[in-house]
Amino acid sequence: DTMLPLKRVVLLGLVLGVYEREKEQDSLNLTEAAAGLDSVLSGKLTELLNISGPALKKGKNRIFYGLHEDFPCIAVVGLGKSSLGVCGSESWDTCKENIRAAVAGGCRVLQDHSLAHIEVDGCGDSQAAAEGAVLGLFTYDDLKTKKKTKVTTQLHGSGCVSGWQKGVLYGEGQNLARYLMEAPANHITPSVFADIITQRLTPYAEQVTVHKRFIHKTCYFLEWIEEQKMGAFLSVSKGSEEPPVFLELHYNGCPDNSQSPLLLVGKGITFDSGGISLKPSSGMDAMRADMGGAATVCSAIVTAAALKLPINIIGLAPLCENMPSGKANKPGDVVTAKNGKTIQVDNTDAEGRLILADALCYAHSFNPRAIVNTATLTGAMDVALGSAAAGVFTNSDWLWEQIHKASVVTGDRVWRMPLFDHYTRQVTDCHLADLNNVGKYSRSGGACTAAAFLREFVTAPHWAHLDIAGVMTNKDEVPYLKKGMSGRPTRTLIEFAGRLATHI
C-alpha cells in the first residue's frame, strides 16, 4: 500500500488582551480583537474569564485550551486600565508599557507550550504589542545544545499593520544589541563585531557605506590612526592581542544631503578587564557587554536603514579590548588625544572615556547637527540611577528635550544629569597633563566627572552623553525583557532619530 505523507500540523497560539474594570460594577472590558473572538464563540470567552478566577490584573495571564479550532491554546493577558496614558511622574506612557509587558508574558507562556507560531492582539497599540512580542521572546542560546522553541509572531485581526511592522523592527533592533552584548567576548571580538554589523547592513548597501579600519598586513589602520592623531584610543588598544577596529557607518537616508548628519558614537570595549588597574574577578564576566554603547548605536543605524528614515546618520564605534599586558597603559602614563590635549592616565579602568575622546573629536569633522554618544561608562551611574533610566549629560536644552520625548514613547527612560564646571575643575586640576582621566576626588560624582572629561573634547553646540551602565543588564526590572543584557536604550535612539527626521 502507498502511504500518504503525514500533513505537518502547526500549532497556533493566540494572545488576547483584557482591561481592568474601571469600577467594580463594570462589565468585563475586552479589547476589540478579544470581543470579536468572544462573539464568534457565543460569549464563551467572557464566561470562562468570569468563572476561572479573580479578574485579571495588569501583567497576569490565563490560558484556555480547545476554545477555538484554529487556536488550541489562547492566552488572555491583563492590560491594566484602558484610561491610562502618559504619566509625568514616571516619564513614560503607562498604557504602552502595560501592553509591552502583557504581550511579552503571554507570548512566553505560549512558547513554553512549544507553539511555533503566535498571533497577537494589537491591544489598541500595534507597535507596542509587536515590541512586547519580539522583545519578550528573545533568548541567547546559540551556545546551548538545548534551545528554546523558535516562535514567529503576527498581528491578529484588524489592528494597525504598519504600526506592527514598525514595532517588530524596533524590537529586532534592540534584540541585535542584546545579542552582541550577551555573546562571550571570545565570540564577539572587535573584528567579529564589525563583521556582524556589516552583514546586517548588506540589504541596505545603496543607503549605507561601511568603513572598517583594522590592522592587517599593511598596517593600514595604524597609519590611519596615527594620521588622525588618536593617541588616546591607540593607548588603550595596544594592551590586547586582539586587533582594534574603528568602525564607521554612513547611512544616507536624505540623498540630497540638505541636512547635516546626526552623529552617533558608541563605546566599543568588547572586554574590559580594567587593564593594569585590574577589576575584581566577581562580576567581571559581565564586562563582555562593555561595548553596549557601540552595540546600541550600530543597532539603531541598522534599524534606521530598515525603516528608511529620511535622515543622514553617521555612526562611529572605536572597538578594542582593555587588557593587562606589558604594552598596556600604566597608571601615571600621559597620552595625547586627537585635539592635542594631554591626558594623565591615573586609572587604566577608566579607559572608555579615552577611546570616546578621540572618536568625539573625529565626529566634529562631519559638521554634525548633533552628536550623541552612548557608553557603559561608569559604575557610579548605576549607583546614582540604578536600572530605572540612562543618565544624560548634555550642553543643549533642545537636544535633551528631543531625547526625553523619545524615551517617553519607548518607555526606555532617560534622566538629565548635571554638567557643572564644578566637575570640570576636578578633571582639569592635573599634575602632569591637561586632563586626568579620573576626578581628583576619586569616586565622588564619578559619572559626572566622566561626563566633564568628555566635554573637553566637544565643541559642537548640541552634544549629549548617555551613560548606560545602570541599564546594561536586566534582572526583573523590565518585565518584557528576560534576565541578561538589555540592549537599552536602542529603541530610544531609534525613536529619537525618527523624530529628528520627521519633526525638525
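This briefing describes pockets, strand pairing, burial and a few backbone details in one protein structure. The model is predicted, and the values below are computed from it. The largest pocket holds about 1100 Å³ of space, and the second largest holds about 480 Å³. Arginine 353, a buried residue of helix H10, is treated on its own, as are strand S20, whose five residues are all buried, and helix H4, for which 11 of the 11 residues are buried.

**Largest pocket**

- The largest pocket, with about 1100 Å³ of space, is lined by 37 residues, and those closest to its centre are Lys279, Leu377, Thr378, Gly379 and Ala380.
- Helix H11, residues 379-385, and helix H14, residues 446-455, each contribute at least two residues to the lining of the largest pocket, and the largest share, five residues, is that of H11.
- By class, the lining of the largest pocket is made up of 13 nonpolar, 13 polar and 11 charged residues.

**Second largest pocket and helix H4**

- The second largest pocket, with about 480 Å³ of space, has 21 lining residues, and Val134, Leu137, Phe138, Val151 and Asn175 are the ones that lie nearest its centre.
- Two or more residues of this lining come from each of helix H4, residues 126-136, and helix H5, residues 161-182, and H5 gives the most, with six residues.
- The lining of the second largest pocket divides into 10 nonpolar, five polar and six charged residues.
- In helix H4, 11 of the 11 residues are buried, so this helix is largely enclosed by the rest of the structure; the buried residues include Gln127, Glu131, Val134 and Leu135.

**Surroundings of arginine 353**

- Arginine 353 belongs to helix H10, which spans residues 352-363, and its relative accessible area of 7% is under the 20% cut-off, so the residue counts as buried.
- Beyond its neighbours within four places in sequence, arginine 353 is in contact with Leu377, Thr378, Asn437, Val438, Ala450, Phe453 and Leu454.
- One polar partner can be named for arginine 353, whose side chain reaches the backbone oxygen of asparagine 437 at 2.7 Å.
- Between the C-alpha atoms of arginine 353 and leucine 385, which are 32 residues apart along the chain, the separation is 20 Å.

**Three-stranded open sheet**

- Three strands form an open sheet in the order S14-S15-S19, and the pairing within it is mixed.
- Strand S14, residues 333-336, and strand S19, residues 435-436, are the edge strands; each has a single partner strand, so one side of each is left without a neighbour in the sheet.
- Strand S15, residues 342-345, pairs with S19 in the parallel sense over two bridges, and glutamine 344 stands opposite asparagine 436 of S19.

**Strand S20 and its partners**

- Strand S20, residues 463-467, is mostly covered, with five of its five residues buried.
- The cover extends to both faces of S20, since Trp463, His465 and Asp467 on one side and Ala464 and Leu466 on the other are all buried.
- Strand S16, residues 370-375, runs parallel to S20 and is joined to it by five bridges; isoleucine 371 stands opposite tryptophan 463 of S20.
- Strand S17, residues 390-394, pairs with S20 in the antiparallel sense over four bridges, and phenylalanine 393 has histidine 465 of S20 as its bridge partner.

**Backbone details in loops**

- Arginine 488 and proline 489 are joined by a cis peptide bond with omega about 0 degrees, and proline 489 is found in the loop between strand S22, residues 484-485, and helix H15, residues 490-503.
- Serine 42 has a positive phi, near 55 degrees, although it is a residue other than glycine; it is found in the loop between helix H1, residues 32-40, and helix H2, residues 44-51.
- The relative accessibility of serine 42 is 71%, which is over the 50% cut-off, so serine 42 counts as exposed.
- Asparagine 367, which is not a glycine either, has a positive phi of about 50 degrees; this residue is found in the loop between H10 and S16 and is exposed, with a relative accessible area of 57%.

Key. Residues are numbered from 1 along each chain as its sequence is written. This is a predicted model: local features need pLDDT of at least 70, side-chain atom pairs count only at pLDDT 80 or more; totals for chains, interfaces and linings use all residues. Side-chain values use heavy atoms; hydrogens and water are left out. On a 1 Å grid over the protein atoms alone, a cavity is a set of points where a 1.4 Å probe fits but cannot get out, and a pocket is an open set with protein on both sides within 12 Å along at least five of seven lines; lining residues have an atom within 4 Å of a point. Grid points are joined across faces, edges and corners, and a volume is the space filled by probe spheres set on the points. Ala, Val, Leu, Ile, Met, Phe, Trp, Tyr, Cys and Pro count as nonpolar, Asp, Glu, Lys and Arg as charged, and the others, Gly among them, as polar. Two strands pair if DSSP finds at least two bridges between them. Buried means under 20% relative accessible area, exposed over 50%, partly exposed in between (1.4 Å probe, protein chains only). Contact means heavy atoms within 4.5 Å. A polar contact is a pair of N or O atoms within 3.5 Å; within protein, one must be able to donate a hydrogen and the other to accept it, and residues adjacent in sequence count only if both atoms are side-chain atoms.
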